[in-house]
Amino acid sequence: MSKRVLISQEQVSEILTARKKNKCKKVDRRLKVLLLHAEGLSRAEISEKTEYKPDTVSKLVVKFSKNGLDAIAGNHYKGNHRNLSFEQEVALLEPFKAAAKEGKVVDVKEIKKVYDEALGRSTDKDKGRIYRVLKRHGWRKVMPRSKHPNKASDEVIETSKKLKFSSEMQWQMMT
């Protein structure tokens with residue numbers, strides 16, 4: 001029969017403070033497992049209360065005993081290291097921002113080419129990546145207002161406003 005891992009009072013107080021500071025529901029469930037184990041409940045009782053399988057309960061307790069609280073409550077995901085950091089993106093967009101302030105038209109294809117060179121690989125598979133980068137830094141697409149190709153001229157529109165049709169006249173007479 002295996003030995004039961006004991007959790008000291010100092011560790012219990014440490015778990016309680018971590019639970020108060022925590023905002024993640026998954027981490028809170030894991031910490032609850034440790035507190036229930038410290039109270040002396042069995043694996044089956046803990047699994048009923050936390051909806052973890054008994055094997056998972058055992059693994060969490062052993063992980064805590066070997067590696068400490070950071071192994072249970074710590075964030076192990078450090079982010080996406082495949083792209084540029086925010087500061088690197090700012091430095092990359094700086095020359096284009098200066099050109100845009102001078103009134104020059106900035107083409108997304110040019111920005112994408114410089115971005116791909118900075119990454120050291122092509123980003124053709126992710127079509128919207130460069131647009132997400134630009135949106136993250138406050139850029140937006142500026143286009144002239146669209147016009148219909150067969151739209152009447154402004155003079156024709158003004159003269160048509162002055163004309164009255166017979167149906168409009170009848171309507172005015174009724175009211």
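These notebook entries record what I looked up in a predicted model.

**Entry 1: helix α6**

I began with α6, which covers residues 86–101 and has 16 residues. I noted that the helix reaches 21 Å from its first C-alpha to its last, close to the 22 Å expected at 1.5 Å a residue. I then looked for a bend and found one of about 40 degrees at Glu 94. A proline, Pro 95, follows within four residues of that position.

I listed the buried residues of α6 as Glu 89, Leu 92, Leu 93, Phe 96 and Ala 99. Among the elements that cover these residues, I recorded α7 (108–119) and α8 (129–136). After the helix comes Gly 103, for which I read a positive phi, near 100 degrees.

**Entry 2: Leu 92**

I next took up Leu 92, whose place is in helix α6. Is Leu 92 buried or exposed? Its relative accessible area is 10%, so I entered it as buried, the cut-off being under 20%. Leaving aside neighbours within four places in sequence, I found Leu 92 in contact with Leu 84, Val 114, Tyr 115 and Ala 118. I also looked up its separation from Ser 65, 27 residues apart from it along the chain, and the C-alpha atoms are separated by 46 Å.

**Entry 3: Tyr 115**

From the contacts of Leu 92 I followed Tyr 115, which I located in helix α7. At 1% relative accessibility, Tyr 115 counts as buried. Which residues does Tyr 115 touch, not counting residues up to four places away in sequence? I recorded Asn 83, Leu 84, Glu 89, Leu 92, Thr 123, Arg 129, Ile 130 and Val 133. Of these, I had already entered Glu 89 and Leu 92 among the buried residues of α6. Leu 84 likewise appears in my list of contacts for Leu 92. For Tyr 115 and Lys 66, 49 residues apart along the chain, I noted a C-alpha separation of 44 Å.

**Entry 4: helices α2 and α3**

I then turned to the pair formed by α2 (residues 25–39) and α3 (residues 43–50). Their axes come within 10 Å and cross at roughly 145 degrees. I recorded the crossing of α2 past α3 as right-handed. On the α2 side, the residues that meet α3 are Arg 29, Lys 32, Val 33, Leu 36 and His 37. On the α3 side, I listed Ile 46, Lys 49 and Thr 50. By class, this contact has three nonpolar, two polar and three charged residues.

**Entry 5: Thr 50 and Glu 51**

I examined Thr 50, found in helix α3, and entered it as buried because its relative accessible area is 5%. Not counting neighbours within four places in sequence, I found Thr 50 in contact with Arg 29, Lys 32, Val 33 and Leu 36. I had placed these four residues in α2 in the preceding entry.

Where is Glu 51 found? I located Glu 51 in the loop between α3 and α4 (54–67). At 69% relative accessibility I entered Glu 51 as exposed, since the cut-off is over 50%. I also checked its backbone and read a positive phi of about 65 degrees, although Glu 51 is not a glycine. I set this beside the general expectation that most residues other than glycine have a negative phi.

**Entry 6: Gln 9**

Last, I looked up Gln 9, whose place is in helix α1 (residues 9–21). Gln 9 has a relative accessible area of 62%, and I therefore entered it as exposed. I noted that the C-alpha atoms of Gln 9 and Lys 135 are separated by 50 Å, with their positions 126 residues apart along the chain counted as the separation in sequence.

Definitions and conventions. Residues are numbered from 1 along each chain as its sequence is written. This is a predicted model: local features need pLDDT of at least 70, side-chain atom pairs count only at pLDDT 80 or more; totals for chains, interfaces and linings use all residues. Side-chain values use heavy atoms; hydrogens and water are left out. Helices (H or I, at least four residues) and strands (E, at least two) are DSSP runs, numbered from the N terminus. The expected span of a helix is 1.5 Å times one less than its number of residues. The bend at a residue is the angle between axes fitted to the seven residues ending there and the seven starting there. Buried means under 20% relative accessible area, exposed over 50%, partly exposed in between (1.4 Å probe, protein chains only). Contact means heavy atoms within 4.5 Å. Axes are lines fitted to C-alpha atoms, for helices over the stretch in contact, and angles run from 0 to 180 degrees between N-to-C directions. A crossing is left-handed if the near helix is turned anticlockwise from the far one by less than a right angle, and right-handed if clockwise. Ala, Val, Leu, Ile, Met, Phe, Trp, Tyr, Cys and Pro count as nonpolar, Asp, Glu, Lys and Arg as charged, and the others, Gly among them, as polar.
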